[in-house]
Amino acid sequence: MDADIDEAIKAGKISTLANIILTVVKGVAGIAANSTALIADSLHSMIDILSSLLVWIGIKIAEKPPDKEHPYGHFKAESLAELGVGTAIVITALFIMYDAVNELILRKIPEFEYYAIAAAAFSVVVNEALARYKISVGLKTKSSSLIAEGKHSRTDVIASLAVVLGFILIYFGYWWADAVVAIAISILILQIGCEILKNAVDVLMDRVDAETALRITNYVERMRGVESVDFVGVRGTWRNKIVEVHFTVSPGVSLEEVEEITEKIESIKKEIPDIIDVIPVVKFSKKISKVAIPVNETGEYSGDLNSPYFEIFDLKKGAKIRIVNEYSKAERRKGYLIAKMLRNFGVDCIVLKKVGEGAKSHFKNMGIVVNIIDNNRSVEEIVEEVKEANR
Ligand SMILES: [Zn+2]
């Protein structure tokens, strides 16, 4: 394992060293031969060093734990670095474009020099070797970032090949080839810069990671006792995510159960390793909205589950309906079936004279509070009492 990390780091160092050499060789040859394309390719190599440096900075910053002044961690420092480097890269690309367009307008023709074509060819060979090396070490050490870097080196091969092609075209008298190749490379550089900038802006603007947010919403919504998920925010970089979950628990859920729910939510960290912190925010839905009262044929409070009807009072709207208790004569799972039926009507409180443990837990699981009123009061009096307690 550790040997793998060492090998991946070594590959990164070799790649950086190779790119430094390429930057110098192409830069010197490009200036000497007056070739905008070769200078652009040299700058491209330099930018590749900068972007791998950013990855390294990101890893270093992620290691730094939150402190008193920065309780949310330091990951935005990486984004600030990206903002600076990204801007520099975009400006570089625009400079190359400006130079190349000037070259076209002024019909400047770069000298055809063998050392320049040799420098570009050298870059093709080195980049191809780097690509193969990084991909093979990446596969061996299972480092996706190294594999991505290896694939990027393939792009570098193509860019340098274009420079070689440009020189060949110049040799045959196509004077515009150097400028055209330089413009193509500048577009490649612009793309790298914009990607880095976009990354930084997304993090700084707390752009939500929709995929992770959806995953968490689905996970929390399915938990027993959770009435609704009200807000899920995912902030941070792609490898340092901070998740905030606001949810409402059903009435009747105990504090111990809330604790269990929040612990479960926090354990998302173990399932999704990019998440470094989870902040659960709980709201209690104490307000009862619909109360069910069992009544007999004459409409009097009966207080048990064998009653033929339920009167359901909507406390918010002040409306009431009477429904038939389809399960008054059920022999098995009566509590469960009635709880489910009432839940379908949106009931979150039931008033009974007494209740067995089994039925009670079924009501609780459906988010229905059981209120015990063990005397012969009128239905209206009971509703008033529930309203009073709900205030
Ligand atoms: Zn590149």
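Colleague: Which strands does helix α12 (residues 379–390) lie across, and at about what angle does the helix run to β4?

Modeller: This is a predicted model. In it, helix α12 lies across β4, β5, β7 (349–352) and β8, and its direction makes about 155° with β4.

Colleague: In what order do the 5 strands of that open sheet stand?

Modeller: One reads a sheet from one side to the other, strand by strand. Here the order is β6-β5-β4-β7-β8, and the pairing is mixed. β6 (319–324) and β8 (369–372) are the edge strands, each of which pairs on one side only. From one strand to the next, the twist averages 25°.

Colleague: How many bridges join strand β4 to strand β5, and in which sense do the two run, parallel or antiparallel?

Modeller: Strand β4 (residues 290–295) and strand β5 (residues 309–314) run antiparallel and are joined by 6 bridges. As a single case to find in the structure, Ile293 stands opposite Glu311 in β5. It is also useful to know that in a regular strand the side chains alternate between the two faces of the sheet.

Colleague: What is the order of the open sheet that 3 strands form?

Modeller: Its order is β1-β2-β3, again with mixed pairing. The edges are β1 (226–237) and β3 (275–284), each pairing on one side only. Neighbouring strands of this sheet are turned against each other by 15° on average, direction ignored.

Colleague: Which pair of strands runs antiparallel, and which pairs in the parallel sense?

Modeller: β1 and β2 run antiparallel, with 10 bridges between them. A hairpin through 2 residues joins these two strands, and Val229 of this pairing stands opposite Phe247 in β2. By contrast, strand β2 (residues 240–249) pairs with β3 in the parallel sense over 9 bridges. There, Ile242 has Asp277 in β3 as its bridge partner. Helix α8 (residues 255–266) packs on the sheet and touches β1, β2 and β3; the direction of this helix makes about 155° with that of β3.

Colleague: At about what angle do helix α4 and helix α5 pack?

Modeller: For two helices, one reads the angle and then the distance between the axes. Helix α4 (residues 114–141) packs against helix α5 (residues 144–171) at an angle of about 165°, with the axes 8 Å apart. Angles over 145 degrees count as roughly antiparallel, so α4 is roughly antiparallel to α5. The crossing is left-handed. The residues of this contact divide into 17 nonpolar, 7 polar and 5 charged.

Colleague: How does the packing of α10 and α11 read, in angle and in distance between the axes?

Modeller: Helix α10 (residues 334–344) and helix α11 (residues 357–365) pack at about 25°, and their axes are 8 Å apart. That angle makes α10 roughly parallel to α11. Their crossing is right-handed. Gly335, Tyr336 and Ala339 in α10 meet Gly358, Ala359, His362 and Phe363 in α11. By class, this contact has 4 nonpolar, 3 polar and no charged residues.

Colleague: Into which domains is the protein divided?

Modeller: The division gives domain 1 (2–204), domain 2 (210–284) and domain 3 (290–390). The C-alpha centres of domain 2 and domain 3 lie 32 Å apart. Between these two, 5 residues of domain 2 are in contact with 6 residues of domain 3. On the side of domain 2 that touches domain 3, the residues are 1 nonpolar, 2 polar and 2 charged.

Terms used:
Residues are numbered from 1 along each chain as its sequence is written. This is a predicted model: local features need pLDDT of at least 70, side-chain atom pairs count only at pLDDT 80 or more; totals for chains, interfaces and linings use all residues. Two strands pair if DSSP finds at least two bridges between them. Helices (H or I, at least four residues) and strands (E, at least two) are DSSP runs, numbered from the N terminus. Axes are lines fitted to C-alpha atoms, for helices over the stretch in contact, and angles run from 0 to 180 degrees between N-to-C directions. Two residues are in contact if their C-beta atoms, placed from the backbone, lie within 7 Å. Angles under 35 degrees count as roughly parallel, over 145 as roughly antiparallel, 65 to 115 as roughly perpendicular and the rest as oblique. A crossing is left-handed if the near helix is turned anticlockwise from the far one by less than a right angle, and right-handed if clockwise. Ala, Val, Leu, Ile, Met, Phe, Trp, Tyr, Cys and Pro count as nonpolar, Asp, Glu, Lys and Arg as charged, and the others, Gly among them, as polar. Domain bounds come from an automatic or database domain assignment.
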